[in-house]
Amino acid sequence: MKCAIILAGGKGTRMKSAAPKVMCEVLFQPMLHYVIRAVKEAGCEKICVVTGYKHEIVEAYLDEEIETAYQNPQLGTGHAVMMAKDFVEKHKKDEILILNGDGPMMNAETINQVYEYHMANQNSITLTSALVEDTNGIGHIKRDENGTLLRIVEHKDATEEEKLINESNAGMYWFNGEDLLYALANITNNNAQNEYYLTDSLEILINQGKNAGAYICENSEVILGANDRVQLNGLNTIMRRNINTAHMINGVDIPSTDGVMIGMDVKIGKETTILPNTIILGNTVIGERCTIGPNTYIKDGIVGNDVVLDNVKLTDSEIEDGTDCGPFVQVRAGSKLCKGVHIGNFVEVKNSTVGEGTKSAHLTYIGDSDVGKNVNFGCGTVTVNYDGKNKNRCKIGDNAFLGCNTNLIAPVEVGDFAFTAAGSTITDSVPDNALAIARARQVNKEDWVTEKKPYKNMK
Ligand code: UD1
Ligand code: CA
């Protein structure tokens, strides 16, 4: 069985964040999210996260099936793994993956390539490395003149000569369980930072005559981490570019990637166009031939084929084929817009179903409502769903016509083919085929202005 320990105890002082560093976000998800995702996808069945600084924030974030170990105080990466000793004991017959929680670019493919290499060479420890340009702050991988591994030297402990070594330790290792236990028992804190370095395991196991190896990643991007917000921005840029590129290769049209941020789990069909300043997140699925954007935000949306969303904010809702929304539309959680619906400017839909072919062209609020097919909402229609205490629902039948500025005081029902006169405040249900007029009759007072002279400067 494969299992994994993720190190997430550090504070990350340079992030200047109230939360632990691993909770700092790339593409609107904590860095830890990507690490857990990669580890699960790589087939690790048991996962233990080492928490420390503000551990309650990390614990609250984790799914129940993930175990945790608490490290306090935080005395280094080796010390962090020591705190997960129970987990290591339980899995000492297994191969154990250990990785930093602040390396969101790591992926399942690389984890498994390193695993294959680890198993093929019957290693006790297999490191992951890459050749990098910026060697500042890295763990330098020291080899002898034949290229045989010697040890890892942390940048702070390195001599000027060692600082020139550009093979960087990724912070992702496969260990044999028993050998990891041995290494943990022998790590000391005799170094520049007085920390227990996990990286010392390499030399410890080599000295025991064990097999050790380093898998060198060709793509150095996967080993990148972030220690401050500038590096975090760098990771956003790289991840964003990679995701956008993958969609374009799959047939999604992105004429300009300016402001286009698409989350890792989003699916988009071919021939759909994504326009600038569009953010698409969560488990959103978008069909084919849609036009999304400009300036559109979608989180956890299900969008069919041939849909147009122009300047729309859509959360946790479903939109069927051929519907168009916008500009300046908000579709809030729990809504479903059926086929061929038209939602025009300044309309908000919340927790409502809107039936096939229904139109709401302008300035309307549809909240907590069940709307039938081919309904016409006049401009300024409001479902008055909140009475100050409770939310109530409105039901509007098929083919109903709501005149401009209709207020529907929920709970209320409007029947099939029913009409409401413009400006009506509807408090009682309207039967099928009826016209409801709920406003005062108009009175014209002849010559009122000439007599009253209500305007300034009137003689
Ligand atoms: C570590 C490696 C370095 C490697 C680099 C790759 C060590 C000693 N050094 O350095 O060789 O090149 O990662 O990014 O391991 N953490 C804890 N408890 C602690 C300290 C850290 O849980 O006491 C966690 C942090 O939350 C973080 C991870 O371990 O997720 C790495 O810690 P960090 O301090 O960032 O290590 P680096 O200095 O980057
Ligand atoms: Ca780091």
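Biologist: Is Asn227 buried, partly exposed or exposed?

Modeller: Buried requires a relative accessible area under 20%, and exposed one over 50%. In this predicted model, Asn227 has a relative accessibility of 26% and therefore counts as partly exposed.

Biologist: Which protein donors does the calcium ion, ligand 2, have?

Modeller: For calcium, a donor atom has to lie within 3.2 Å. Two residues supply donors here: Asn227 through OD1 and Asp102 through OD, at 2.6 to 2.9 Å from the ion. These two residues come from distant parts of the chain, 125 residues apart. Asp102 sits in the loop between strand E6 (95-100) and helix H5 (108-120), while Asn227 sits in the loop between strand E12 (212-216) and helix H8 (229-249). Asp102 has a relative accessible area of 14%, so it is buried, whereas Asn227 is partly exposed.

Biologist: Is Val230, in helix H8, buried or exposed?

Modeller: Val230 belongs to helix H8, and its relative accessible area of 65% is why it is classed as exposed. Its C-alpha atom is separated by 50 Å from that of Cys394, and the two residues are 164 residues apart along the chain.

Biologist: How many residues of helix H1 are buried?

Modeller: In general, an α-helix has 3.6 residues a turn, so residues three or four places apart point the same way. Helix H1, residues 31-41, is mostly covered, with eight of its eleven residues buried. The buried residues are Met31, Leu32, His33, Tyr34, Val35, Ile36, Ala38 and Val39. Just after H1, Gly43 adopts a positive phi of about 100°.

Biologist: Which side chains make polar contacts with Asp179?

Modeller: Accessibility and contacts are best read together here. Asp179 lies in helix H6, residues 177-186, and is buried because its relative accessibility is 9%. Its side chain makes a polar contact of 2.6 Å with that of Ser124, and another of 3.1 Å with that of Lys210.

Biologist: Which residues are closest to ligand 1?

Modeller: One may begin with the shell and then turn to individual atoms. The shell around ligand 1 holds 23 residues, and the closest are Gly9, Gln71, Thr77, Glu154 and Asn169. By class, eight are nonpolar, twelve polar and three charged. Backbone atoms approach oxygen atoms of the ligand at several points. The distance is 2.7 Å for a backbone N or O atom of Gly9, 2.8 Å for one of Gly76, and 2.6 Å for a polar backbone atom of Asn169.

Biologist: What percentage of the area of ligand 1 does the protein bury?

Modeller: The area of the isolated ligand serves as the reference. Taken alone, ligand 1 exposes 750 Å², of which the protein buries 84%. Strand E1 (2-8) and helix H3 (77-82) are the elements that give two or more residues to the shell.

Biologist: How many disulfides does the whole structure contain?

Modeller: The sulfur atoms of a disulfide must be within 2.5 Å of each other. A search of the whole structure finds zero such pairs. For Cys44, the nearest cysteine sulfur is that of Cys3, 7.1 Å away; for Cys325, it is that of Cys290, 11 Å away. Cys44 is buried because its relative accessibility is 6%, and Cys325 is buried because its value is 1%.

Terms used. Residues are numbered from 1 along each chain as its sequence is written. Chains are lettered from A and ligands numbered from 1 in the order in which they are written. This is a predicted model: local features need pLDDT of at least 70, side-chain atom pairs count only at pLDDT 80 or more; totals for chains, interfaces and linings use all residues. Side-chain values use heavy atoms; hydrogens and water are left out. A residue is near a molecule or strand if one of its heavy atoms lies within 4 Å of it. A polar contact is a pair of N or O atoms within 3.5 Å; within protein, one must be able to donate a hydrogen and the other to accept it, and residues adjacent in sequence count only if both atoms are side-chain atoms. Accessible areas come from the Shrake-Rupley method with a 1.4 Å probe; for residues, only the protein chains shown count as cover. Helices (H or I, at least four residues) and strands (E, at least two) are DSSP runs, numbered from the N terminus. Ala, Val, Leu, Ile, Met, Phe, Trp, Tyr, Cys and Pro count as nonpolar, Asp, Glu, Lys and Arg as charged, and the others, Gly among them, as polar. Buried means under 20% relative accessible area, exposed over 50%, partly exposed in between (1.4 Å probe, protein chains only). Donors are N, O and S atoms within 2.8 Å of the metal (3.2 Å for Na, K and Ca); water is not among the atoms, so sites may look incomplete.
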